[in-house]
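Welcome! Please take a moment to look over the sequence and the 3D view before reading on.

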Amino acid sequence: MSSPDLTNITKFLDECHGVFGSSQFQRLVLSKYRGDEAQLNRITLRPVELKGQRLISCLYQYQTNHVTKNITTDDAMALCQPWLRDDFQNAHLVSDEWEVQLSVTKKGKVLFNKYRNKSAAMKPAASTQGNKVSHNRAKKRYVEQSRPYLNALGITDKQGEIIPSMSRKWKQINKFIEVLSRAIDNTGLAKRQEVHIADFGSGKAYLTFAVHDYFMDKLHVPTQVTGVELRQGLVDLCNQTAQKLNLTGIKFEQGDVQHFKAQGINIMIALHACDVATDYALHMGIRTGAEIIMCSPCCHKQIRPQMKSPQTLAPLLQHGIHMGQEAEMVTDGLRALLLEAHGYDTQVFEFISLEHTSKNKMILAQKRKQPRDNTAILQQIADIKAFYGIKEQCLETLLAQ
Ligand SMILES: C[S@@+](CC[C@H](N)C(=O)[O-])C[C@H]1O[C@@H](n2cnc3c(N)ncnc32)[C@H](O)[C@@H]1O
């Protein structure tokens, strides 16, 4: 094999040199490996801060496992030279402002391409409220249709097209990743060495696979995802799917969220876990200090039988449907306040519009860097309970234990 033209490789190395030590550096992905190391697919370099020292984390992705090594920027530069010259046919450098691509064609030509970072230009505004998303942004897809898990889960067909009957699920997955991605940006989780995620009531695990793929493939952060599900059949099915896709860092366990013990979770997800299962999941998220808690509550049963209509509201709440809506609002409002009282910034908003599913409310909580004085919030909770005559709310009881 003739030696490659070094001009563009040198240009690319200069780009790496310019960003490796800067706060603009996001990642360098080296792919299409042609070296001697068995089973190596690609290497991803990302900035990492360890004990106040800025280092570069190298994630070696092998066919069946991943290995991480943290090195200095100088060492990374030294390694990049042989990697780019001899070992990888593709390199993609991403900084906040630029993307630089180096690729070797079949004929051995080395191509260099530098362009503005498109996702930085498209970065959405701060609002995370689903109904405030602009038209253009709503059309932006956060998940690539070609991702293999979509086909394995029956969202796409063999040609990679969305199966029409799954289009609602497809929209839900995209919206979920959109909301999550902004929370990840806010909490700095993309810069962690490893992230732990629990999905309670994972069901068929569309969202569990989506979040795993987002971290591993888009953010290149090693991630351990655990789906917890009551139904053994679904647990087996999802583990088989993960195996078929050769995925590492994702597993499914049979269990009831009410008895599940978890530690060190960074992201707690509970979408459509019924009734107080949501409270148990929220409790676990708070207790383990999760940076992000995302839940979409359903089947609100605990509060309604306890609620007494305050006199002024009685003419409104005499209608069963209104009482149900009020009970739902009070239940989720109390949950949001309890999260606020325990150190989270919390939003309650429409997850995806009603045309896609009736279960459309999301509670998103992001852990505050500094705790706040919660006296006033606890008083608000007590006042609301007294106003409606509520004796017990599951999350509050769990937090008091
Ligand atoms: C409506 S599905 C939602 C699945 C998935 N989270 C999603 O949004 O696509 C709810 C799932 O939660 C499971 N589930 C309900 N209560 C649970 C509990 N206490 N512990 C674990 N799983 C539970 C059910 O078996 C079901 O598969």
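The report below walks through the model part by part.

## How confident is the model?

This is a predicted model, so a word on confidence comes before the tour. The protein has a mean pLDDT of 88, and 92% of its residues reach 70 or more. One stretch to treat with care is residues 121-138, where the pLDDT is below 50. Beyond near neighbours in sequence, that stretch has 18 contacts in the model.

## A sheet with antiparallel pairing

Let us begin with an open sheet of seven strands, whose order is E4-E3-E2-E1-E5-E6-E7 and whose pairing is antiparallel. Its edge strands are E4 (66-71) and E7 (110-116), and each of them pairs on one side only. On average, and ignoring direction, neighbouring strands here are turned by 15 degrees against each other.

For a closer look, find strand E1 (residues 25-33) and strand E2 (residues 40-50), which run antiparallel and are joined by three bridges. Leu28 has Leu45 in E2 as its bridge partner. Two helices pack on this sheet. Helix H1 (residues 6-20) touches E1, strand E3 (53-62), strand E5 (88-95), strand E6 (98-104) and E7, and its direction makes about 35 degrees with that of E7. Helix H2 (residues 73-87) touches E1, E2, E3, E4, E5 and E6, with a direction about 140 degrees from that of E5.

## Tyr60, a residue in this sheet

Tyr60 has its place in strand E3. Is Tyr60 buried or exposed, or in between? Counting gives 17 other C-beta atoms within 10 Å, so Tyr60 is partly exposed; a buried residue would need 20 or more, and an exposed one 12 or fewer.

Setting aside residues up to four places away in sequence, Tyr60 touches Leu40, Ile43, His66 and Val67. Leu316, by contrast, lies 256 residues from Tyr60 along the chain, and their C-alpha atoms are separated by 61 Å.

## A sheet with mixed pairing

Another open sheet of seven strands follows the order E10-E9-E8-E11-E12-E14-E13, and its pairing is mixed. Strand E10 (250-254) and strand E13 (344-350) stand at its edges; each has a single partner strand, so one side of each is left without a neighbour in the sheet. Here, too, neighbouring strands are turned by 15 degrees against each other on average, direction ignored.

Some of the strands in this sheet run parallel. E9 and E10 do so, joined by five bridges, and E8 and E9 do so as well, joined by six. Val228 links these two pairings in a neat way: Val228 stands opposite Glu253 in E10, while Phe200 stands opposite Val228 in E9. As for E8, five of its six residues are buried, so the strand is mostly covered.

## Helices lying across the mixed sheet

Helix H6 (residues 167-187) lies across strand E12 (292-298) and strand E14 (361-367), running at about 15 degrees to E14. Helix H9 (residues 277-287) lies across strand E8 (195-200), E11 and E12, at about 175 degrees to E11.

Why is H9 described as largely enclosed by the rest of the structure? The reason is that 10 of its 11 residues are buried. Among them are Ala277, Tyr280, Leu282, Met284 and Ile286. The buried residues of H9 pack against E8, E11, E12, helix H11 (320-341) and helix H13 (394-400). After H9 comes Gly289, which has a positive phi near 75 degrees.

## Around the ligand

Which residues come nearest to the ligand? Of the 19 residues around the ligand, they are Gly201, Gly203, Val257, Leu271 and His272. The shell divides into 11 nonpolar, five polar and three charged residues.

Helix H7 (206-219), strand E9 (223-229) and strand E11 (267-274) each supply at least two residues of this shell. E11 gives the most, with four residues.

## Thr248, a contact across the sequence

Finally, look for Thr248 in the loop between helix H8 (232-244) and E10. Thr248 is partly exposed, with 17 other C-beta atoms within 10 Å.

Thr248 and Thr64 are 184 residues apart in sequence, yet 7.0 Å apart in space, C-alpha to C-alpha. Leaving aside neighbours within four places in sequence, Thr248 is in contact with Thr64, Asn65 and His66. His66 is a residue we have already met, as one of those touched by Tyr60.

Definitions and conventions
Residues numbered from 1 in each chain as written. Predicted model: local features only at pLDDT ≥ 70, side-chain atom pairs only at ≥ 80, totals over all residues. pLDDT = per-residue confidence, 0-100. Contact = placed C-beta atoms within 7 Å. Pairing = 2+ DSSP bridges. Axes fitted to C-alpha atoms, helices over the stretch in contact; angles between N-to-C directions. Near = placed C-beta within 6 Å. Nonpolar A, V, L, I, M, F, W, Y, C, P; charged D, E, K, R; others polar.
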